[in-house]
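Please read the following note with the sequence and the model side by side. The points are numbered so that each may be checked in turn.

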Amino acid sequence: MEHTGPDAHPWLVALEQSGLGVAMRQSLLLYPAVEILHIFGFVLLVGSIVGFDLRMLGLAARLPVAPFARHVVPLAMLGFCLAAPMGLLLFATEATSIAANTAFRFKLTCIAIGLLNAAAFHLGPWRSLLQRGEVTMAAKLGAVVSLLAWSGAIIGGRLIAYL
């Protein structure tokens, strides 16, 4: 199923028609295997992030933040490193139509917000949290933004098939 209309960007057409795009569409097992790995990746990513964000918002307040973060941040990073390339493989199957999909664009926007928020958190509230040992209002705000962004990414990803 190729969507090479006049509005399609050449790089999207090239990706979709590449050996990778063709293999993803034609293989009986490749697409479902990649989709399963994509799901495992975002489960690790978002599951770890949700746990950490809920801790920032006061859940399990007796649990020290720094040791908890040492466990969940690497899991989140592993999840992203699995989900992102698997997502690219899924994208290659119908790059021209998916790129134009509103839900896909929403998903990418939410992922960008989530990543920028994580970077901002590590540059600001995380340092003060380690120095003072308290969860600041900035850390709580970052947790709320994170929960919204990553929830939006999941919702957007799920809606791709319907929009």
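**Note on the predicted model**

1. Gln26 is placed in helix H2, where helices (H or I, at least four residues) and strands (E, at least two) are DSSP runs, numbered from the N terminus. Gln26 is exposed, at 65% relative accessible area. The terms are used as follows: buried means under 20% relative accessible area, exposed over 50%, and partly exposed in between, with a 1.4 Å probe and protein chains only. From C-alpha to C-alpha, Gln26 and Leu129 are 50 Å apart in space and 103 residues apart in sequence.

2. The basis of the note should be stated early. This is a predicted model, in which local features need pLDDT of at least 70 and side-chain atom pairs count only at pLDDT 80 or more, while totals for chains, interfaces and linings use all residues. Residues are numbered from 1 along each chain as its sequence is written, and side-chain values use heavy atoms, with hydrogens and water left out.

3. The confidence of the prediction comes next. The pLDDT, which is the predictor's confidence in each residue on a scale from 0 to 100, averages 92 over the protein chain, and 96% of the residues score at least 70. Among the elements of the chain, helix H3 (residues 30-56) has the highest mean pLDDT, 97, and helix H7 (residues 125-132) the lowest, 78. Where pLDDT is low, the predicted coordinates should not be read in detail.

4. The overall architecture can be described briefly. The protein chain contains 8 helices and 0 strands, and its pattern along the sequence reads α-α-α-α-α-α-α-α. The C-alpha trace spans about 55 × 30 × 25 Å along its principal axes. Of the contacts with a separation of 6 or more, 77% join residues 24 or more positions apart; a contact means heavy atoms within 4.5 Å.

5. What share of the residues is buried? Of the 163 residues in the protein chain, 35% are buried. The chain exposes about 9600 Å², and carbon and sulfur atoms supply 72% of that area. Accessible areas come from the Shrake-Rupley method with a 1.4 Å probe; for residues, only the protein chains shown count as cover.

6. A nonpolar surface patch deserves attention. Leu54, Leu57, Leu59, Val144 and Leu148 together make a patch of about 430 Å². Patches are made of residues with over 30% relative accessible area and no salt bridge, like charges being joined within 9 Å and nonpolar side chains (Val, Leu, Ile, Met, Phe, Trp, Tyr) within 5 Å. A salt bridge is a side-chain nitrogen of Lys or Arg within 4 Å of a carboxyl oxygen of Asp or Glu.

7. Two members of this patch belong to helix H8: Leu148 is found in H8 (residues 137-159), and Val144 lies in H8 too. Leu148 is exposed because its relative accessibility is 61%, whereas Val144, at 37%, is partly exposed. Val144 and Leu54 are 90 residues apart along the chain, yet their C-alpha atoms are separated by 8.8 Å.

8. Two loop residues may be examined next. Ser27 sits in the loop between helix H2 (19-26) and H3 and is partly exposed, with a relative accessible area of 31%. Its C-alpha is 27 Å from that of Leu45, at a distance of 18 residues in sequence. Ala60 occupies the loop between H3 and helix H4 (65-93). The phi angle of Ala60 is near 55°, a positive value in a residue other than glycine, and Ala60 counts as partly exposed because its relative accessibility is 45%.

9. Arg132 belongs to helix H7, the element with the lowest mean pLDDT. Arg132 is exposed, with a relative accessible area of 54%. Its C-alpha atom and that of Phe80 are separated by 29 Å, with their positions 52 residues apart along the chain.

10. How many disulfides does the structure hold? The count is 0, a disulfide being a pair of cysteine sulfur atoms within 2.5 Å. Cys81 is exposed, at 57% relative accessible area, whereas Cys110 is buried, at 7%.
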